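Visitor: I am new to this structure and would like a close look at a single part. Please take one chain and go through it slowly, and turn to other chains afterwards if there is room.

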Amino acid sequence: MKPPVIYLGGVSATYASRRLRDSGSIRAVSGVTLAIERGRTLGLVGESGSGKTTLGKLCLGMMRPAGGFVQFNGEPLPRNRHRLRGSLAVVLQNPEWALNPRLRVGVSVAEPLRIARSLPSGDVPATVADMLAKVGLEPVLANRYPHELSGGQRQRLAIARALITNPTFVVFDEAVSALDVSIQSQVLNLIKDLQASEGFAALFISHDIAVTRYVAHDIAVMYRGELVERASARTFYDKPRHPYSRALRLTIAERDRAAFTFRGQVEGGDAKGCLFSENCPWAIERCVVEKPVLREIGEGHSACHRAEDVGEA
Amino acid sequence: MHLAKRFLITFSFLTLSGMMLISGAGSSLAEGGTITWAKPDEAQSLDPHTDFNGNTWKFFFPVYDTLVTTGETLDIQPGIAESWEQTSPTTYVFRLRENAAFSNGRPVVADDVVGSLNRVLDPATGSWWAGTLGSVSEIVAEGDHEVRIELEAPHTQLLAALAHVSTAIIPMEEYNAGTFDPTKELMGSGPFMVTEHLQDQSWTYRANPHYWGEGLPVADELKILIILDESARIAALRDGRADVGTFVNPDLPVLLQGDENITVVTQETASYYNLDVHALDEESPFYDIRVRQAMNLALDREEISRVALGGMGAVDYPLPRTFSSSKACADVPSYSGTRESRLEMARALMAEAGAEGVEIEMLTTSDLASLVLIAQVIKQQLSDIDMSVNIRQLGYAEWIDAVWVRGDFDLNVTWLTGYGDPAIVLGSWNPDKTGWNAHYFVSVPELNDKIAEAQSTPDGAERDSLFAEICTMIDDGANMLALVNKNNVIAYRNDLVEVKIHPAEGYEDELRYIEEFARIAP
Amino acid sequence: MRIFRFIAFRLGIALVTLFGVSIIVFMAVHFVPGSYEDVILGPFGTPETRAIVRAKYGLDRPAVEQYLHWLAATARGDFGTSLTTGQPVAAEIIRRAPATIQLAVMATLLAIAVGVPMGIASGVTSTSQFGRTAGRLVGALGASVPVFVLGTIFVFMFSIWSLGLTVGGYVPLFEDPLTNMRAMTLPVVTLSVFGMALIQRTTRDSVLSVTSETHVTAAVARGERPPDIIRSHVLRNASIPIVTVTTVYFAYLLGGAIIVEQMFSVPGVAVYVVQSVRNRDYLAVQAGVLLAATVFVTINILADIVYALIDPRIGGKRSQS
Amino acid sequence: MSLIVRGPFASILDFARRDRLSGIGAVLLASLVLLGLIGPVLPLGDAEEIGVGPRLAAPAADWLLGTDELGRSALPRIVEGLRATFLLASMAVILTGILGTLVGLTAAYAGGIVDVAIMRLVDVLFAFPPLLLAILIAAVLEPGGTSAIIAISLITLPLFVRVVRAVALSIVERSYVIAAEVSGAGFLRVIVFHLLPNVLGAVIVQLTYALSIGMLVESELSFLGLGVQPPDASLGSLLRLGSVYLTAAPWLVFPAGLLLAAAILSVNLLGDGLRDLMDPLRGRSLR
Amino acid sequence: MTSLLDVRDLVVVYDTPRGRVVALDGVSLDLEAGETLGIVGESGSGKSTLGLAIGQLLPWNSRRLSGDLSVLDLSVFGGDDERLRRLRRDVLGFVFQNPMTALDPTMRIGRQLARAIGPRATRDSVRALLSRVGLAGAGRIEQSFPHELSGGMAQRAAIGMAIARNPRLIVADEPTASLDAWLRDQILELLISMCSATGASLVLLSHDLHVVSRYCRHVAVMYGGRIVEYAQRETLFRRQAHPYTRALLESAPGAEGPDGRLRPIQGLPPVITESSRGCAFAPRCGWMKDLCNDVRPEMQLTRDRSVLCHRAEEVLACRSGA
């Protein structure tokens, strides 16, 4: 059997500040185990600051894990990113800075090709033109500068740049969050179609569960650096097994929104118990003293002592 | 000694030709009070026996006495010694004043004189002046008030050398007892004593109560303000914070035009600006004596005086023009004929030497503004014989290092002090004796002999004819050239103080009679 | 507690900086051509007399030894004695410090007192084309006149019409405040014009950027009066860049004082250091430069603390301008 | 942004039209630079010839701005001085610009110990009172144009490095840089293709400010006698000598002082305008 | 009867370095007391400009070309600063998108609230206000600086400041856009409850049609600087008379078509540099005819709604998308 494209084994990461004088480090991700198979899209949801982006960086080797390991196609991620050139790619949030404003967009899109040197340079323009067509843009746009283009077009170009080397693994980090609704849907369709046709594995990071559900095959939920639930998109949507997932899902569901309210503010969590317990209407005594682990339940995994009850409610 | 009585006044309405210049005649004088003198430079060190810098000496003059001193026209006058006698060509006997005392009240005795002079002569002291005294065989105290100096050979300039503050009489008893350190404080038998020194700001002197001069000093207090900036010094004079100011700028009269209560006096000195030529560097075009001579001929000293110094400093000779003997130097080639005729000779010499497109470096220091002006005029003059000059203007210490330590120059604009005897400055043309210019100066045995001879010949016609020969040889060697006189510019408030300024000065003591300065009663 | 750790950390950095400064200044003054014995002996020095002087002042010892010796003494607060006067350098600097401190402090205060209100005025009037242009022009003009040009003009003006002010004639402030102020007004004003412009420009920009923020719009939306908004919401938020630029100005002041002290014969530290460079009075130069650096570094630490006081969000972060 | 992207000429015209003050600054700067450039070929007279007229003569037909203390015509000297001031300051600033940009980018992108080391060095440089630093440099290298250039460079370097680093730090976080890193771009590629072109705007603004500081420092150095050496002139050295003769020959001071202030002003106005263009400060009415 | 808010043909333009941009292209609107109105639009639709115009908080590079906006019969463009200030203080309350930037970062929350209450503020009145916005029993919050609060708490504090003087009209511009999704309902509910408790009207500006319609009785949809459709929320959700409204609803995730795919609106939102000749949506509109490009549609009042479309009748009649 082929190994998963990305495998995270109990990965932890601390965020060390760029600034020297900020002493100490913040634990951004702790003990996350995840796999993404070829051709699958994993949606990663959670509120801001839950560690989603850090997890994305870990998968791309942009950050070294403080604990655990990251494997790419069954091999440890090499320290030198250059060795993997062309196999990894990323599409990030802010369309304003998606492309280098000083370069013609065609040059930006071609950059990974030039870095990977997988093509004779004569073939590059044609490949770029093909790629632009794939993301639904006129090839003539290659001669424009980013500021001449709209946010949606820039995000399409960012996708084109990411996919031009036929990468095995692509991270979309809030790739559509900054786009207007009408544009967002265009780009979502594009991502979905390309993933189906090119077959890369993808990590789709978003705080918007409706969007994630639309593009992802599987969904993982993070809460304060930990993975609290993982399931297929359908299972997750129909029957979330973690109170936090429920809370997230409720934000898109019209019905019974009043049934769930948070009690108060998230304060520095008690490491002993469940991090969510303070805000959890389902919490029982056990939740405060014993940390739940991710366990298989139904068709997914949940880190909740009362996962059964939550799922059935 | 016959000296030319010259002095210049640049203010047109002041054309006194007396020996003394006294302002405010007729108004009544106040007893005591403070005389304030604004000057541009601070002392570099405090030891009168070792410091070579004329700017520093000015702080010593009011404090220290010397055996003898000079008068208004550079004639030797009694100092601490009220009289002297030359008992043989090599023996001098000095009779000391009995009423002279150091500012601590202790009378000056012969041992102080002997000790002070011996300190100057001691190589360990490192006094640069020692050689000027000639070869002294011994200095003996004869009782408390008589000192005898024995020389190995006649030395005509001895008295003039002893008139310099570098031979100041310091209190040797205290020095030997360790209670007085001449490198850290000043104590002498002069009219004033230092009471306060604020570095770069001011010196305050009180009258020495034990001073021998009757009724002197007139003022109770002398204050020297150190004001670097020329405009600020002018301002101090204008608003009455200073009574007297000394300046570098030759255009001072112009700048003070309209200030009727300020009088500007130009004092002639035995000092002159001169040009050092590096003749020992094979790389330098000046290694060839013909190029040096051509350069010398191409100079237009009259123009230097007129343009660089605003007409203030007259053409000067190796033997300073203040001394009447200098007439002997006026006929040498580079001083005679028209400029055109000299240029012709210069070009011929250049052609003969095969010197074409000569490029030379001329050093000078920004420490003295007039040097830079002179350098620029020289640069233009030398272009007339196709010599292109690159001026390098250095800070003081870098300049000393470049010229006198490393000898890294072709030309150097600087100045020499002439003192009270013509032979003192001529001594500089013997590098074997002076040492300090040996690395760029060609030693000419014949010239050295002539200088030595002049130094041991008494004043008179014989000496003057020696001087004439020396001047010719100096001009021929073109290795160190006199340019123009370096005058002092003094301005004072004629409504506040009565001053006495002498017409000629040899030792940088421009306010030699400061103990006689008096405030005018309001 | 956090603030103390932060200060300790800043002090550590400051020491490293000063150590660097000490090495550079030592090397600079010892490797410049021309040394102390040249100044003392002048043209008449001979190799022998030079050696005598060098030995007398310990200048013949290896540079590293001299440096370490100096560093150790300096760490004990002993700046050594001046080669020129034989007096302790520390005493000389202490004597002169009041003049330079007065110059710097008064120039800074004047610059702030004029610059900040002008900056605020041009900041809040920059919503009209005229206000925008006028504010920019005033600031640019003030920052374009070199200190010595201004000084020359002042010397010129006040040597014609004194108006009670003097060029030179410094006495210590506490000895005779009136005479002191008569002598110090011109140098202080000369030195502060650049600061006024610098602070005016920064204040203006800062006010503009603060008033662009939502919380100011929110205050306007609550119907607060413009003076109240400026006082309560704009000033404090705008003050960090002003503090930063004031520290930069202070660095400039320490250098600008050289020209001003010389022009107006203020017997301060700056002119002492420059004279000491000329005289190759090594210990005096080293002490002077190290002191200037210390003052500057201290001002920076103070600024950091002020940042933390002004903006509660800053615990250790410092705005880079 | 638009300044770089559109045709440079059209954008400059556009910019000058929209921002009157910068337009004035640009025109002033351009004409002063032009004056400096063509000065030597203008029939103004010889800047170095001594004794063209009497010393300290008032302006007259043969010496339009009077003569100086060596009887040289002041007008060609002022033009010469303007040229020297511009030349020295801009050479110094270009040096700083190149060095400061590279160092600042390296510090920002390399981070870690490299960053710390660079910034501490910059701190050390910054802790020197600027003029004192210049005086020491002039003493070590001997006074003159070269040492003035080096001094101005070192004085303006810390500000430059800090600004470039700060701007670069914000760019390092941008999507296109991260995307390039993910696709395997190396240190040099990121710096040259992604950081450099994008700090250029800030660098240009900073260059104008540095130029104004450079001209100030150059004139101050020359005023202290540490800049260009006679008989060459810079505006500062002209003022140094002229200021002595202020009462007697004001023509030696006022034109040079005015020209110097105008030159610095033009650069400042232009810098403000460029800054406004890069990073518009809107502000709001409080009424 | 005087209406609370009366907007008549308001045209507002911005002067930008790249030229003139029309933000409001003739907006008319009435709001009665006690009304809750949601205004929906994408970025660039002009909704924020409209929100700011209500308090005449427009930036200085904007200009009102024509039309007027008055609150309680006082034109905010009248030029009487003092009356405008009183209006803002006593009648209007604003809530902005990002509470962190809408609060003064250097002032403690307690003091900011006290300033919002006015000169008569006391410790107790500040506490009372805090408890009204659900920050009760929080002595520590008074002492906190904004950055020490979470986004949700900060927005509650900001709402507290907006309602401190019991305004008649609250304008909230994307009050939850910068908050995590699960906080959205809490904040919006708080806003609604504050309004109903004091009888204040609410203008809620948002890009999310669903959110708006959940909380507001009336909904206005903006496109290209104009209100293109205005109706009660039930009416609007049942049927859409403007093609844009309909397309917007159909393109959102969760509204996938039968094939499981989203149906995005093709093309890009316009940037208007002068009043549009025709319909601003025409280039992206499936119902577009020649008429749409040439003739500027005017607001038509139908039975239950206002709509700005030449083909509104046909759109209404058609069940599914064109």
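Guide: What follows is a walk through parts of chain B, with shorter stops in chains E and D. The model is a predicted one.

Start with a sheet in chain B. The sheet is open and has four strands, in the order E4-E5-E7-E6, and the pairing is antiparallel. Its edges are strand E4, residues 81-88, and strand E6, residues 136-141, each of which pairs on one side only. On average, neighbouring strands in this sheet are turned by 15° against each other, direction ignored. At one edge, E6(B) runs antiparallel to strand E7, residues 146-151 of chain B, and five bridges join the two. One point to find on the display is B:Ala141, which stands opposite B:Val147 in E7(B).

A helix goes with this sheet. Helix H2 of chain B, residues 110-121, lies across strands E5 (91-96), E6 and E7 of chain B, and runs at about 160° to E6(B).

The loop that leads into this helix holds a charged residue with a partner elsewhere. Side chains of opposite charge can pair when their charged atoms come close. Here B:Arg106 and B:Glu173 meet in a salt bridge, with 3.4 Å from N to O. B:Arg106 sits in the loop between E5 and H2 of chain B and B:Glu173 in helix H4 (residues 172-177) of chain B, so the salt bridge ties together parts that are 67 residues apart in sequence. B:Arg106 is buried, at a relative accessible area of 14%.

Over all chains, the structure holds 84 salt bridges. Another in chain B joins the side chains of B:Asp421 and B:Arg463, at 2.9 Å from N to O. This pair also links distant parts of the chain: B:Asp421 is in the loop between strand E16 (411-416) and helix H12 (422-426) of chain B, while B:Arg463 is in helix H15 (residues 461-477) of chain B, 42 residues apart. B:Asp421 and B:Arg463 are both buried; for B:Arg463 the relative accessible area is 0%. B:Arg463 also forms a salt bridge with B:Asp459, where the closest N and O atoms are 3.0 Å apart. B:Asp459 is partly exposed, with a relative accessible area of 38%. Elsewhere, a network of salt bridges links B:Glu361, B:Arg392, B:Asp401, B:Arg406 and B:Asp408.

Next comes a covered helix in chain B. Helix H8, residues 301-308 of chain B, has six of its eight residues buried. The buried ones are B:Arg301, B:Glu303, B:Ile304, B:Ser305, B:Val307 and B:Ala308. These buried residues of H8(B) pack against helix H7 (289-298), helix H10 (369-382) and strand E17 (480-485) of chain B. Just after H8(B), B:Gly310 has a positive phi of about 60°.

Chain E offers a covered strand. In strand E8 of chain E, residues 201-206, six of the six residues are buried, so the strand is largely enclosed by the rest of the structure. In a regular strand the side chains alternate between the two faces of the sheet. In E8(E), both faces are covered: E:Ser201, E:Val203 and E:Leu205 are buried on one side, and E:Leu202, E:Leu204 and E:Ser206 on the other. E8(E) pairs in the parallel sense with strand E3 (residues 36-40) of chain E, over five bridges, and E:Val40 has E:Ser206 as its bridge partner in E8(E). Strand E7 (residues 169-173) of chain E also pairs with E8(E) in the parallel sense, over five bridges. There the bridge partner of E:Leu169 is E:Ser201 in E8(E).

The last stop is chain D. Helix H8 (residues 175-182) and helix H9 (residues 187-223) of chain D pack at an angle of about 175°, and their axes are 11 Å apart. H8(D) and H9(D) are therefore roughly antiparallel to each other. In this contact, D:Tyr176, D:Val177, D:Ala180 and D:Glu181 of H8(D) meet D:Val190, D:His194, D:Leu195 and D:Asn198 of H9(D). The contact residues divide into five nonpolar, two polar and one charged.

Also in chain D, D:Pro250 lies in the loop between helix H10 (235-244) and helix H11 (254-278). D:Pro250 counts as partly exposed, at 26% relative accessibility. The C-alpha atoms of D:Pro250 and D:Leu56 are separated by 9.6 Å, though the two residues are 194 residues apart along the chain.

Notes. Residues numbered from 1 in each chain as written. Chains lettered and ligands numbered in written order. Predicted model: local features only at pLDDT ≥ 70, side-chain atom pairs only at ≥ 80, totals over all residues. Heavy atoms only, no water. Pairing = 2+ DSSP bridges. Axes fitted to C-alpha atoms, helices over the stretch in contact; angles between N-to-C directions. Contact = heavy atoms within 4.5 Å. Buried < 20%, exposed > 50% of the residue type's maximum accessible area, 1.4 Å probe, protein only. Salt bridge = Lys/Arg side-chain N within 4 Å of Asp/Glu carboxyl O. Parallel < 35°, antiparallel > 145°, perpendicular 65-115°, else oblique. Nonpolar A, V, L, I, M, F, W, Y, C, P; charged D, E, K, R; others polar.
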